[in-house]
Amino acid sequence: MDATPYLEPRPAPRPIFDHLDERAERPRFFVSSGGRWQPITWAEHAAEIEHVALFLVERGLAPGDRAAIFAPNRVEWMSAALGIQAMGGVMVPIYPASTADQAAYIVEHSDATVLFVAGAEQLERVFRSWPALRALRTVVVMDDTSPAAVAAHLRARGEPCPEAEQLEQALVHWPGVRHAGRARAEAEPERFGALLHAVELSQTAQMLYTSGTTGRPKGVPLTHANIAYNWVDWLRSNAPLIDDDAVDMLWLPMSHIFGFGEACAGNYLGFASYLCEPKTVLDHMPQVRPNVFMSVPAYWEKLAGKALVHDDPTQQTRVLREVTGGRLRFCLSGGAGLSRDVKELFYRSDMLIIEGYGLTECSPTLTLNRPDDFRFDSVGKPLASVELRLGDDGEILARGPNVFSGYHKDPQATAAAFTEDGWFRTGDLGRMTDDGFLQITGRKKEILVTAGGKNVPPANIETRFASFPWVQHVVVYGDGKKYLVAGVWLEEAALRVALDDRGVPAAEREATARSMVETAVDEVNAQLARFEQIKRFCVMEPPLSVEGGHLTSTLKLRRKNIYEAFGEQFEALYA
């Protein structure tokens with residue numbers, strides 16, 4: 001693709017309207033309805049954005065004010081987000097699996113006065129937290145969830161719920177938003193364009209909350225400039241692999257900067273995006289046949305696992321092309337480290353997975369491998385506008401126009417996040433290769449120190465298990481211990497296929513599975529120094545999940561929570 005037309009830094013809503021004349025009747029999104037994919041055109045999406053923006057103005061939202069979104073992915077999510085930004089507001093996303101307490105904290109801490117919500121579970125959590133939402137004036141229900149039914153359900157259980165009069169004053173349904181916005185657009189046809197073009201790059205665009213692997217999440221304000229300049233660098237790096245009129249499958253949470261970034265990339269470049277559920281996106285791949293797929297490592301590993309159950313490399317390639325639809329060209333992995341074995345498998349099958357590194361505070365990308373300049377043992381080279389250096393302890397420090405200026409209402413955390421000379425402390429440890437690539441060696445706060453005084457980054461051990469498709473997660477444990485142990489969570493579907501291929505009878509499956517794990521541990525241990533080796537392991541249950549608090553929204557381990565939840569099993573390995 002020729003990236004030239006898309007390199008002007010602009011606020012996120014602008015590209016939709018700047019290119020609307022040429023794209024108006026083309027599908028922007030496809031949504032599943034009744035077993036069929038229904039198109040939403042660029043014109044329809046643009047109209048929703050305009051109506052949201054004008055509705056918010058009518059409700060008293062001013063430039064710089066915050067409006068939050070608490071919902072699963074849907075077209076209305078993006079319409080709300082871009083409508084907020086188009087009138088100069090600050091969009092605050094809340095991950096849909098957040099508890100009532102977590103969501104209330106973000107709404108209140110961000111000073112949001114408007115909340116968009118979809119889903120009965122999400123609305124119930126809002127109602128349960130109502131007394132804590134002191135600044136909230138308007139709640140927009142974006143789907144057909146019945147607030148009355150949700151309220152009645154809460155009252156029947158004897159749980160807190162706002163009074164009917166409070167709900168009547170605050171609640172607005174999506175058709176009401178559209179009606180009010182449309183009426184304002186008809187009365188003042190030039191108003192929206194004036195609002196949109198008054199938004200400056202220096203204004204805050206969104207405030208995301210860190211995943212909170214430890215403690216309360218922190219608010220990260222990002223300006224339109226932070227995001228736009230990072231986008232320009234990102235596109236210059238990746239354009240050679242992106243086709244014109246690309247088709248992607250958007251399943252990453254829009255509430256996370258990775259998912260929202262993918263949607264905004266589609267808005268710039270003219271993607272047709274199929275909105276998919278995380279649980280079924282891989283099932284749809286052979287039919288949708290995307291040429292763009294962006295994902296966290298777990299999904300690349302699942303795809304690889306379907307091929308790696310076969311020993312023949314030719315068969316592996318055939319299966320991989322079948323399960324991805326055969327057109328995949330731009331593959332991006334982020335959120336955590338991806339196994340080299342998985343990257344090499346895709347590359348042998350003519351699919352290059354681009355891996356990079358970044359943080360929410362950096363809008364988010366700091367480094368990327370390039371189509372013509374990559375190393376599978378790295379996360380790439382710094383983007384053109386990014387400066388990196390390593391601290392005395394190996395911590396990766398960053399500086400550039402994409403780096404935020406500080407946490408919302410938290411001067412202490414802001415001061416701790418930057419060096420005295422203004423470099424952002426990423427909290428990650430790394431090293432630079434002689435040819436300029438960055439390699440991540442660990443997380444500064446996640447280093448295990450054994451009783452013998454050895455520093456061990458557990459992630460370096462855990463990622464080595466990605467080449468075993470029937471291993472879903474491995475968590476290494478052993479801070480202050482004489483040796484390391486591990487909890488192992490199995491991927492049941494891949495394990496079943498592997499056992500079927502081996503012809504293992506039902507009575508022997510459990511013992512065979514344990515033997516397979518023992519072999520995997522032995523193979524990984526052979527790659528490690530003695531003090532890094534896993535001495536004992538346990539196959540753990542129940543599964544790790546986002547809802548259980550074990551994983552972040554991008555499926556990173558919440559290590560502290562896992563240690564607390566499974567502490568007895570870990571400790572039993574030392575008995």
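A salt bridge here is a side-chain nitrogen of Lys or Arg within 4 Å of a carboxyl oxygen of Asp or Glu. Arg318 and Glu322 meet that rule, with their closest N and O atoms 2.3 Å apart. The model is predicted.

## Salt bridges

Side chains of opposite charge can pair when their charged atoms come close. The structure holds 31 salt bridges. Three of these pairs are set out below.

| Pair | Closest N and O atoms | Relative accessibility |
|---|---|---|
| Asp18 and Arg10 | 2.8 Å | Asp18 33%, Arg10 5% |
| Glu121 and Arg125 | 3.3 Å | Glu121 53%, Arg125 16% |
| Arg318 and Glu322 | 2.3 Å | Arg318 41%, Glu322 45% |

Take the pair Arg318 and Glu322. Both residues sit in helix 15, which spans residues 313-324. They are 4 residues apart, so about one helical turn separates them. Arg318 is partly exposed. Glu322 is partly exposed as well.

The pair Glu121 and Arg125 belongs to helix 6 (residues 120-128). Here too the spacing is 4 residues, or about one helical turn. The burial is uneven. Glu121 is exposed, whereas Arg125 is buried.

Asp18 and Arg10 also form a salt bridge. Asp18 counts as partly exposed. Arg10 is buried.

Some charged residues join into a larger group. Glu58, Arg184, Glu188 and Arg191 are linked in a network of salt bridges.

## A buried serine beside Arg125

Arg125 has a further role in the contact map. Ser98 touches Arg125, along with Phe70 and Ala103, when residues up to four places away in sequence are not counted. Ser98 lies in the loop between strand 4 (90-94) and helix 5 (100-109). Is this loop residue buried or exposed? Ser98 is buried, at 8% relative accessible area.

## Nonpolar cores

The largest nonpolar core has 75 residues. Phe293 and Trp300 have the most contacts inside this core. What does Trp300 touch? Leaving out residues up to four places away in sequence, the list includes Phe293, Leu328, Cys331, Leu332, Leu338, Val342, Phe346 and Ile353. Two serines, Ser295 and Ser333, are also among the residues that Trp300 touches.

A second core of 48 residues is separate from the largest one. Among its members are Ala12, Leu20, Val75 and Val172.

## Cysteines

How many disulfides are there? The count is 0. A disulfide needs two cysteine sulfur atoms within 2.5 Å. For Cys276, the closest cysteine sulfur is in Cys331, and that sulfur is 16 Å away, so the two are too far apart for a bond. Cys331 is also one of the residues in contact with Trp300. Cys276 itself is buried, with a relative accessible area of 6%. Cys538 is partly exposed, at 22%.

## Strands 10 and 11

Strands of a sheet pair through backbone hydrogen bonds, either parallel or antiparallel. Strand 10 (residues 247-250) and strand 11 (residues 272-275) run parallel, joined by 4 bridges. Met249 stands opposite Tyr274 of strand 11.

Strand 10 is covered on both faces. Val247 and Met249 are buried on one side. Asp248 and Leu250 are buried on the other.

After strand 11 comes a loop that leads to helix 13 (281-288), and Lys279 lies in this loop. Lys279 is exposed, with a relative accessible area of 80%. The C-alpha atom of Lys279 is separated by 33 Å from that of Ala3. Along the chain, these two residues are 276 residues apart.

## The antiparallel sheet

An open sheet of 4 strands has the order 17-18-19-20. Its pairing is antiparallel. Which strands form the edges? They are strand 17 (387-390) and strand 20 (438-443), each of which pairs on one side only. From one strand to the next, the twist averages 50°.

Strand 19 (residues 424-432) pairs with strand 20 over 5 bridges, in the antiparallel sense. Within this pairing, Arg431 has Gln439 of strand 20 as its bridge partner.

Notes
Residues numbered from 1 in each chain as written. Predicted model: local features only at pLDDT ≥ 70, side-chain atom pairs only at ≥ 80, totals over all residues. Heavy atoms only, no water. Buried < 20%, exposed > 50% of the residue type's maximum accessible area, 1.4 Å probe, protein only. Pairing = 2+ DSSP bridges. Helix = DSSP H or I, 4+ residues; strand = E, 2+ residues; numbered from the N terminus. Axes fitted to C-alpha atoms, helices over the stretch in contact; angles between N-to-C directions. Core = buried A, V, L, I, M, F, W, Y, C linked by side-chain atoms within 4.5 Å. Contact = heavy atoms within 4.5 Å.
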